[in-house]
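Visitor: I would like a close look at a single part of this protein and at what surrounds it. Please start with the overall setting and then work inward.

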Amino acid sequence: MADTHCRADGPDTKDPGCDALDCPATTPGGQQGTPVIWKEAPKAITNPGWTDWIPTTGPTCLYDPQPENVLANIAARILNDFRQLPVNPGTLQVQPFPHTLKGGPTNFYTTAGEQAFDITILGQAVHLTATPASYTYTYGDGTTLGPTPAAGYAIPETEWLTTETRTSHSYTETGNYPATITTNFTGTYSVNNGPPLPINGTLNLTTPTKTIHVWKTERALVADTCQQNPNSWGCPFPKGIR
């Protein structure tokens, strides 16, 4: 509420700043403002008494006799503000990378995590959180996985191309494939250290593309090792030979 009597320390104590405050009209021919002190009380109290109302500002000018419902106005615009936040989409991790083998399970996972932001909306302190809720993996060969709650995880190098995880993918053809992951974030907000409230909407962010180079392998029986016969099948060329 706006206390037009500017009572500060008691019901009969007026803030001297109100007497010194000048509130001229903001438009030609407009009405002058009224010096007030803004106060707040817990919503849980049905009929707040004098001691329940706590000043939140010093003397300021009130031009609209009907004070706006700041919480409702914040709620109306919170989704748009949420989607403007510099939320980090995380990174797409691939094992092995950048080269993998045709037919082998290639492991994918993401580093996206919960993030918090403190901003000001309509003069109020607002704390927002963005939390990953689901993920959509795009493997680049026309196949996708998701939305899924699985963020994936790293596996030891000894398990690459042999261990299939919930988010791994096996390419059926050789080639170069642009892979990405899109993370769906949900959010909460709280105003002036109040309880967290859910944001009615989500934010989708996609990581930069990573190109996966898919190779193939061939097998053959040979009589000699490369140390015994550098020209044997599958051995690298000896120095000076192309």
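Guide: In this predicted model, take the contacts between residues at least 6 apart in sequence: 64% of them join residues at least 24 apart. The protein has 2 helices and 17 strands, and the part to examine here is helix 2, residues 70-83.

The overall setting comes first. The C-alpha atoms fill a box of roughly 105 × 40 × 30 Å along the principal axes. The radius of gyration is 32 Å, whereas a compact globule of 242 residues would have one near 18 Å. Of those 242 residues, 29% are buried. The protein exposes about 15100 Å², and 52% of that area comes from carbon and sulfur atoms.

Now to the helix itself. Helix 2 has 14 residues, and from its first C-alpha to its last it reaches 20 Å, close to the 20 Å expected at 1.5 Å a residue. The helix nevertheless has a bend of about 50°, located at Arg77. Its buried residues are Ile74, Ile78, Asp81 and Phe82. The cover over these buried residues includes strand 10 (115-121), strand 11 (124-138), strand 14 (175-191) and strand 16 (203-206).

Two of the buried helix residues, Ile78 and Phe82, also stand out in the largest nonpolar core. That core has 28 residues, and Ile78, Phe82, Phe108, Val126, Leu128 and Tyr189 touch the most other members. Helix 2, strand 7 (92-95), strand 10, strand 11, strand 14 and strand 17 (210-215) each give two or more residues to the core. Strand 14 gives the most, with 6 residues.

Val126 shows how the helix meets its surroundings. Leaving aside neighbours within four places in sequence, Val126 is in contact with Ile74 and Ile78, among others. The list for Val126 also includes Phe117, Asp118, Ile119 and Ile121, as well as Tyr189, Ser190 and Val191.

Strand 14, which is part of the cover of the helix, also holds Thr183. Why does Thr183 count as buried? Thr183 has a relative accessible area of 0%, and buried means under 20%, so this residue qualifies. Not counting residues up to four places away in sequence, Thr183 touches Pro89, Ala112, Pro132, Ser134 and Tyr135, together with Leu203, Asn204 and Leu205.

Definitions and conventions. Residues numbered from 1 in each chain as written. Predicted model: local features only at pLDDT ≥ 70, side-chain atom pairs only at ≥ 80, totals over all residues. Heavy atoms only, no water. Helix = DSSP H or I, 4+ residues; strand = E, 2+ residues; numbered from the N terminus. Expected span 1.5 Å × (residues − 1). Bend = angle between axes of the 7 residues up to and from the residue. Buried < 20%, exposed > 50% of the residue type's maximum accessible area, 1.4 Å probe, protein only. Contact = heavy atoms within 4.5 Å. Rg over C-alpha atoms; globule rule 2.2 N^0.38 Å. Areas by Shrake-Rupley, 256 points an atom, 1.4 Å probe, with all protein chains shown as cover. Core = buried A, V, L, I, M, F, W, Y, C linked by side-chain atoms within 4.5 Å.
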